[in-house]
Amino acid sequence: MAAEDSVRRAFAIQAGHCARLGSPFTASLCGLVAEWLDRRSAIGCRILDWPGPPEADALALRLCGGLHALVRRGRLPELAILYPPAPLDPAALWDATARALDEAGADLDPWLDGPPQTNEVARSGVLMPGLMAVAAATGERPMILWEIGASAGLNLVLDRYAYDLGGVAAGDPAAPVRLVPDWTGPPPPAARVAVAARRGVDLNPLDLREASHRERLVAYIWPDQRERLARMEAAIACAAETPPPLDRGEATAWLADRLAEPPQPGTVRVVQHSIALQYFPPAGQARVGALLAEAGARASPATPLAWLAYEFDGSACALTLTLWPGGERRILASAHPHGQWLRWSAA
Ligand SMILES: C[S@@+](CC[C@H](N)C(=O)[O-])C[C@H]1O[C@@H](n2cnc3c(N)ncnc32)[C@H](O)[C@@H]1O
């Protein structure tokens with residue numbers, strides 16, 4: 001397939017994903033680019049001559065994120081008036097987008113240079129009941145919380161948000177971020193989660209004190225998903241004052257170092273991750289399991305270890321918990337990948 005055809009196809013495929021995932025605006029934008037993009041602008045040429053695999057490179061999301069960021073910055077006013085909450089007008093949207101590609105020029109290049117990076121706050125609504133299960137099983141010990149693939153660390157500060165989890169209140173009731181996933185099944189254990197220390201790692205950690213990093217997190221949220229946008233802005237405000245410590249690095253080497261640290265008596269070490277493992281190479285995925293099993297074998301009732309994973313498990317997402325000593329793996333819930341709903345299965 002010629003480069004141009006595979007680019008148009010990648011945008012059309014992304015349009016289908018966006019339509020299914022509840023963003024008619026981004027679906028329309030991707031569909032319009034698929035059909036009408038031409039070589040009149042330098043950006044049009046760069047996209048149509050994309051040297052890599054456009055679908056795997058998430059090229060459509062790179063462009064949509066860049067346009068959204070420039071619209072939010074006030075850089076493209078003619079396009080901005082057609083963005084949500086304005087009603088969708090595909091003909092006008094394409095005219096304004098074509099002009100914007102020309103006008104934005106090099107300002108869009110940095111957005112095309114790298115892959116999108118997100119940090120979905122609503123996933124805290126799935127991780128939090130998992131931590132409550134850890135708290136219930138370990139006598140509400142203070143937790144040493146470690147997260148791999150933490151992005152900006154918005155789910156590493158999950159105890160700073162407010163929750164209604166199947167009727168059970170959790171977290172900080174005064175928080176500006178309130179998460180209420182659609183809940184099915186029995187309620188989670190009403191155990192208190194106390195985080196004594198936290199630390200995360202990412203190949204590319206985002207620093208919430210940096211305006212450009214905050215802009216990235218917001219830009220990749222689809223502009224018609226107003227609730228997600230508002231939640232992200234509130235979570236950034238919540239976390240940015242005291243951002244969680246994040247290291248730049250590869251997760252498995254970092255995890256090996258953490259697990260080699262002497263456990264602090266009276267605490268429980270918890271390793272958590274959400275929608276991250278699938279981005280690790282297969283050897284890295286296996287290494288995470290092996291490192292935890294090795295450290296778990298050394299755990300004792302005085303030095304327990306928990307592994308809380310919220311990841312794709314076949315075709316759906318599952319929340320699983322493995323607790324040592326013992327090492328039994330339990331499926332706590334199945335859940336929507338963005339945390340919209342959760343089917344709790346643990347007693
Ligand atoms: C889809 S994001 C999920 C981020 C966050 N866990 C969440 O649920 O919002 C996956 C993250 O994993 C990071 N990542 C991918 N491979 C990694 C690796 N080998 N080591 C550390 N981080 C990695 C990426 O940089 C990205 O921030």
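Angles between elements run from 0 to 180 degrees between N-to-C directions, and each axis is a line fitted to C-alpha atoms, for helices over the stretch in contact. The model shown in these views is predicted.

**View A. Helix H12 lies across four strands: E1, E8, E9 and E10.** Helix H12 spans residues 282-298. Its direction makes about 155° with that of strand E9. The strands under H12 belong to the sheet of View B.

**View B. Nine strands build an open sheet with mixed pairing.** Read across the sheet, the order is E5-E12-E11-E10-E9-E8-E1-E6-E7. Strand E5 (182-184) and strand E7 stand at the edges. Each has a single partner strand, so one side of each is left without a neighbour in the sheet. On average, neighbouring strands are turned by 20° against each other, direction ignored. Helix H11 (residues 251-260) packs on this sheet. H11 touches E1, E6, E7, E8 and strand E9 (305-313). The direction of H11 makes about 165° with that of E1.

**View C. Strand E1 pairs with E6 and with E8.** Strand E1 covers residues 143-148. With strand E6 (residues 195-202), E1 pairs in the parallel sense over 6 bridges. Trp146 has Arg199 in E6 as its bridge partner. With strand E8 (residues 268-274), E1 again pairs in the parallel sense, here over 5 bridges. Which residue in E8 is the bridge partner of Glu147? The partner is Gln272.

**View D. Strand E6 pairs with the edge strand E7.** Strand E7 consists of residues 246-248. E6 and E7 run parallel, and 3 bridges join them. Asp202 stands opposite Arg248 in E7. Keep Asp202 in mind for the ligand view.

**View E. A ligand sits among 18 surrounding residues.** The closest are Glu120, Arg123, Gly149, Asp202 and Ser274. How many residues of the shell are nonpolar, polar and charged? There are 5 nonpolar, 8 polar and 5 charged. Three side chains place polar atoms by oxygen atoms of the ligand. In Asp202, an N or O atom of the side chain is 2.5 Å from a ligand oxygen. For Gln117, the distance from a side-chain N or O atom to an oxygen of the ligand is 3.0 Å. A polar side-chain atom of Asn119 also lies 3.0 Å from an oxygen atom of the ligand. Is the ligand mostly buried or exposed? Taken alone, the ligand exposes 600 Å², and the protein buries 91% of that.

**View F. Three strands form a second view of sheet building, in the order E3-E2-E4.** This sheet is open, and its pairing is mixed. The edge strands are E3 (168-171) and E4 (178-179), and each pairs on one side only. Strand E2 (residues 162-165) runs parallel to E4, and 2 bridges join them. Ala162 stands opposite Arg178 in E4. Helix H8 (residues 124-137) packs on the sheet and touches E2, E3 and E4. The direction of H8 makes about 75° with that of E2.

**View G. Strands E2 and E3 form a hairpin.** E2 and E3 pair in the antiparallel sense over 4 bridges. Leu165 has Val168 in E3 as its bridge partner. The hairpin has 2 residues between its strands. In this hairpin, Gly166 takes a positive phi near 60°.

**View H. Glu140 has a positive phi.** Most residues other than glycine have a negative phi. Glu140 is not a glycine, yet its phi is near 55°. Where does Glu140 lie? Its place is the loop between helix H8 and strand E1.

**View I. Two peptide bonds, Pro84 to Pro85 and Trp324 to Pro325, are cis.** Most peptide bonds are trans. From Pro84 to Pro85, omega is near 15°. Pro85 lies in the loop between helix H5 (77-80) and helix H6 (90-104). Between Trp324 and Pro325, omega is about 5°. Pro325 is found in the loop between strand E10 (316-324) and strand E11 (328-335).

Methods: Residues are numbered from 1 along each chain as its sequence is written. This is a predicted model: local features need pLDDT of at least 70, side-chain atom pairs count only at pLDDT 80 or more; totals for chains, interfaces and linings use all residues. Side-chain values use heavy atoms; hydrogens and water are left out. Two strands pair if DSSP finds at least two bridges between them. Contact means heavy atoms within 4.5 Å. A residue is near a molecule or strand if one of its heavy atoms lies within 4 Å of it. A polar contact is a pair of N or O atoms within 3.5 Å; within protein, one must be able to donate a hydrogen and the other to accept it, and residues adjacent in sequence count only if both atoms are side-chain atoms. Accessible areas come from the Shrake-Rupley method with a 1.4 Å probe; for residues, only the protein chains shown count as cover. Ala, Val, Leu, Ile, Met, Phe, Trp, Tyr, Cys and Pro count as nonpolar, Asp, Glu, Lys and Arg as charged, and the others, Gly among them, as polar.
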